[in-house]
Amino acid sequence: MTSVLPDLELSGPLRVPEWVEQQLPTGLTVIVVQRPSVPLVELRLRIPTPAAPLAGLDVLADTLMSGTAQMSNVDIAAALQAVGGALGVSVDPDRLLVSGNGLVTGLDRILEILAHVLTGASYPEQEVATERDRLVERIHVARSQPAHLARVALLRRSYGTHPYAVQTPEPAQVRAVESDELRDLHRRWVRPAGAILVLAGDLDPEAVMASVSRALGGWDGSGTPPEALPPVPPLVTGPLVLSDRPGSVQSSLRLALPAVGRTHPDHPALQLANLIFGGYFSSRWVENIREDKGYTYGPHSTVEHSVAGSVLVVSAEVATEVTAPALLETSYELGRLASVPPSADELEQARRYALGTLQLGMSTQAGLAGTASGYAGVGLRLDHLARYADDLASVGVDEVAAVAGRYLAPAAAVSVALGDAERIEPDLARLTPVVREER
Amino acid sequence: MERFRLDNGLRVVLAPDRSAPVIAVAVFYDVGIRSEPPGRTGFAHLFEHLMFQGSAHLEKLAHFRHVQGAGGTFNGSTHLDYTDYYETLPAGALERALFLEADRMRGPILTEANLRNQVDVVKEEIRVNVLNRPYGGFPWLKLPPVMFDTFGNAHDGYGSFDDLEAATIDDASGFFETYYAAGNAVLTVAGDVDPDLARILIEKHFGDVPPRPAPPRPALAEPDLTGERRESYVDPLAPAPAVAAAWRVPDPVAERAAFLPYVVLAEVLTDGDASRLVERMVLRDRSVTSVGGYLGFMGEPYAVRDPTALVLQARLPAGRAVDPVLATVDEELDRLATDGLAPGELGRTQARMATHLLRDTDAVLGRSLTIAGLELVHGDPALVNDLPRLVGEVTAGQVEQAAATLRADRRASVEVVPGGGS
């Protein structure tokens with residue numbers, strides 16, 4: 001037995017895996033990342049769709065794989081499954097993302113089916129009707145979930161008239177989407193110009209590039225990449241928005257604070273300031289409201305990056321009876337870091353966490369594919385990880401203090417609370433002006 | 001892979017993989033929800049929280065800070081038949097992780113203040129995951145009491161607030177003494193390690209953990225159902241109905257060869273748009289909006305003991321009835337048992353299962369957890385490499401025979417009646 005905490009052996013510099021990149025004449029960028037750990041491949045195809053119609057694109061994502069002139073939805077799924085594969089489609093306000101994985105021996109077949117769908121999705125009426133109804137049902141379920149409702153309220157409050165303000169369509173809008181419109185949307189948005197395909201896994205990059213050219217070279221829809229969204233507007237402070245959820249046994253607290261993108265000079269210091277505040281378990285805020293006071297289970301604070309802007313979001317689900325005390329501690333911890341520099345030890349602990357988790361994030365095929373795809377969406381490549389690590393390594397206490405003062409000030413926060421308004425409003429109103437959300 | 005046992009009874013498995021400079025350390029204790037005594041529902045999970053609250057050389061908060069300050073992540077989770085604790089870290093933090101796990105294996109420091117604090121935290125966890133959301137605890141908390149009669153199998157594993165609040169420090173000390181014995185635990189280290197060095201460090205840190213034998217396992221055996229069981233409950237937050245059904249399956253350990261066809265069957269029925277039930281019910285009949293199937297109430301086919309079940313669950317569109325859905329499931333199972341699998345159907349299902357099995361072990365943590373579960377429950381960590389082959393060897397006849405056993409008169413089901421929603 002030893003009673004002394006063992007020292008850490010120093011980690012070497014961040015190891016960023018090799019990747020190969022090529023752009024096809026159609027404008028599709030292909031990035032191939034090697035990690036030969038298991039005989040699989042991860043696939044991410046990111047197609048920019050800024051300002052595409054919300055309901056239409058949501059239904060398109062759910063029906064892209066629903067059939068072509070030659071294959072039904074079941075044929076497509078079975079063909080992918082036969083090579084250990086599956087593909088799924090999701091959307092957010094920036095992009096449509098096809099993601100999946102499979103046995104590496106089946107990569108050519110997966111690419112072939114992907115190309116078949118990208119060039120021949122037919123949006124059959126029956127299948128569109130099915131997926132439309134399923135989407136409507138999912139929206140109804142989402143609307144009974146506090147986390148979803150709190151997010152909706154925060155987006156609306158933060159973004160005003162920017163397209164990021166509303167990210168879930170109304171059921172009536174979904175019901176109105178027809179096959180014709182989907183085929184138009186497909187022609188308009190599902191194009192290779194500006195799209196990025198990432199493949200990560202047990203791959204021979206040269207052979208894979210040849211396969212991709214062969215399979216996806218015929219996916220055209222020539223033209224220029226779509227125009228970017230305008231940058232998000234600055235947060236406009238104001239009263240806390242209270243969204244009523246009668247009978248709720250918890251309150252969902254959400255704060256939005258200003259943040260910057262991955263290439264901004266303040267970004268590394270902001271990440272570290274966020275960690276010290278509430279961005280990991282060993283942060284001031286989590287140790288305070290969970291481990292000391294027991295107000296909550298999983299509070300978290302994250303810098304969320306989108307193409308048109310970044311925001312720092314602070315989230316906690318707290319017992320109804322401690323809603324105001326939890327908000328008070330949140331403001332206190334934000335204010336403390338915005339006003340008083342952290343200790344050198346706190347910074348060092350956060351720095352090691354940031355650097356260590358960068359390495360962990362690159363230690364799987366799925367992690368590499370996701371990182372490479374997300375980075376590529378904002379014009380970065382995996383080598384940015386090494387630069388970011390260097391930057392994290394050199395941030396000092398003064399920089400963190402300065403950045404915390406700029407971005408973590410509670411006076412700059414936009415706040416939303418979802419809960420049983422009758423029970424929580426009087427207590428909240430003692431801390432901050434409150435307005436009820438207009439529905 | 002290396003496997004050995006320390007003199008104090010601790011079982012150890014090392015799984016080196018130098019593909020990335022990261023490691024995962026996991027400790028599994030052979031105690032879970034099904035070990036809880038009556039009157040102490042939720043105690044295994046509450047105790048898991050207490051294992052993070054400090055030990056001889058680690059004051060409160062120290063464990064978290066030492067892991068994260070080394071660049072790592074941690075967690076723990078409570079399952080039906082085991083409780084796990086784990087860290088993923090840069091490779092240079094191996095010895096630190098071993099120190100942290102060994103210190104609490106010698107004994108947590110249990111204080112009244114920390115117990116009360118963690119009871120509050122667990123109540124918030126239950127509110128987030130069960131009480132304040134639609135379909136909370138469905139079906140993993142709702143189906144076992146329909147299928148089983150004995151307390152160990154049937155009770156609520158998250159626990160009642162009354163039981164949680166009644167928990168005492170003496171309960172916790174006794175629980176540790178009985179179940180958190182070196183002889184009742186498995187340690188795994190996976191990732192970028194030199195096995196010889198790892199062995200020396202493991203001896204150094206765990207060698208003097210006092211030897212205590214494994215306690216007897218809880219007696220959980222129950223006879224199969226002799227008639228259909230069906231219950232329902234109102235979920236005040238749910239906007240639409242849901243239903244889950246379960247059938248007993250062969251002993252996952254003692255009858256592994258008979259159990260594996262059921263694992264394959266669950267995928268044949270529900271994996272993707274080309275699976276039997278998705279194709280029929282979601283895409284063709286539109287009688288459900290989603291359907292899923294898996295083995296074990298917590299979806300852990302290779303780390304669960306008997307008695308367990310094949311579970312199907314489906315969400316329905318608002319306003320639809322559950323009876324026709326169960327009737328369709330019966331019809332499809334009968335069709336599968338009678339007419340058999342279509343050409344290619346089994347092969348493609350097995351191919352996708354191979355991908356899932358490989359993908360789970362690409363992450364060093366996934367590998368560590370899978371291996372620890374296989375050592376603890378099956379006594380055979382090398383199964384991690386054999387499973388893709390064993391799953392691939394399941395025959396069409398075995399899957400069809402498995403389907404034939406899922407009859408309505410052996411079925412336990414529970415229906416969610418929507419009570420409101422939006």
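pLDDT is the predictor's confidence in each residue, on a scale from 0 to 100. The structure shown here is a predicted model, and chain B comes out with an average pLDDT of 97, with 99% of its residues scoring at least 70. For the model as a whole, ipTM is 0.96 and pTM is 0.97.

Chain A first. Its strands β1, β2, β6, β3, β5 and β4 line up, in that order, into an open sheet of 6 strands with mixed pairing. The two ends are taken by β1 (19-23) and β4 (86-91), each of which has a single partner strand, so one side of each lacks a neighbour in the sheet. From one strand to the next, the twist averages 15°. At the β4 end, β4(A) runs antiparallel to β5 (residues 95-103) of chain A, and 6 bridges hold the pair together. To pick out one of these, A:Leu87 has A:Gly100 in β5(A) as its bridge partner. This sheet also meets the other chain: helix α13 (residues 345-362) of chain B packs on it and touches β3 (40-48), β4 and β5 of chain A. The direction of α13 makes about 100° with that of β5(A).

Chain B has an open sheet too, this one of 5 strands in the order β7-β11-β8-β10-β9, again with mixed pairing. Here the edge strands are β7 (229-235) and β9 (290-295), both pairing on one side only. The twist averages 15° from strand to strand. Further in, β8 (residues 242-248) and β11 (residues 411-418) of chain B run antiparallel and are joined by 6 bridges; B:Ala244, for instance, is bridged to B:Val414 of β11(B).

Lying across this chain B sheet is helix α12, which spans β7, β8, β10 (309-315) and β11 of chain B and runs at about 40° to β8(B). Helix α12 (residues 323-339) of chain B also packs against helix α16 (residues 396-405) of chain B, with the axes 8 Å apart and an angle of about 140° between them. Angles over 145 degrees would count as roughly antiparallel, so α12(B) and α16(B) are classed as oblique to each other. The crossing of α12(B) past α16(B) is left-handed. On the α12(B) side, the contact is made by B:Leu333, B:Leu336 and B:Ala337, while α16(B) supplies B:Glu400, B:Ala403 and B:Ala404. Sorted by type, the residues of this contact are 5 nonpolar and 1 charged, with no polar ones.

Methods
Residues numbered from 1 in each chain as written. Chains lettered and ligands numbered in written order. Predicted model: local features only at pLDDT ≥ 70, side-chain atom pairs only at ≥ 80, totals over all residues. Heavy atoms only, no water. Axes fitted to C-alpha atoms, helices over the stretch in contact; angles between N-to-C directions. Helix = DSSP H or I, 4+ residues; strand = E, 2+ residues; numbered from the N terminus. Parallel < 35°, antiparallel > 145°, perpendicular 65-115°, else oblique. Left-handed = near helix turned anticlockwise from the far one by under 90°. Contact = heavy atoms within 4.5 Å. Nonpolar A, V, L, I, M, F, W, Y, C, P; charged D, E, K, R; others polar. Pairing = 2+ DSSP bridges.
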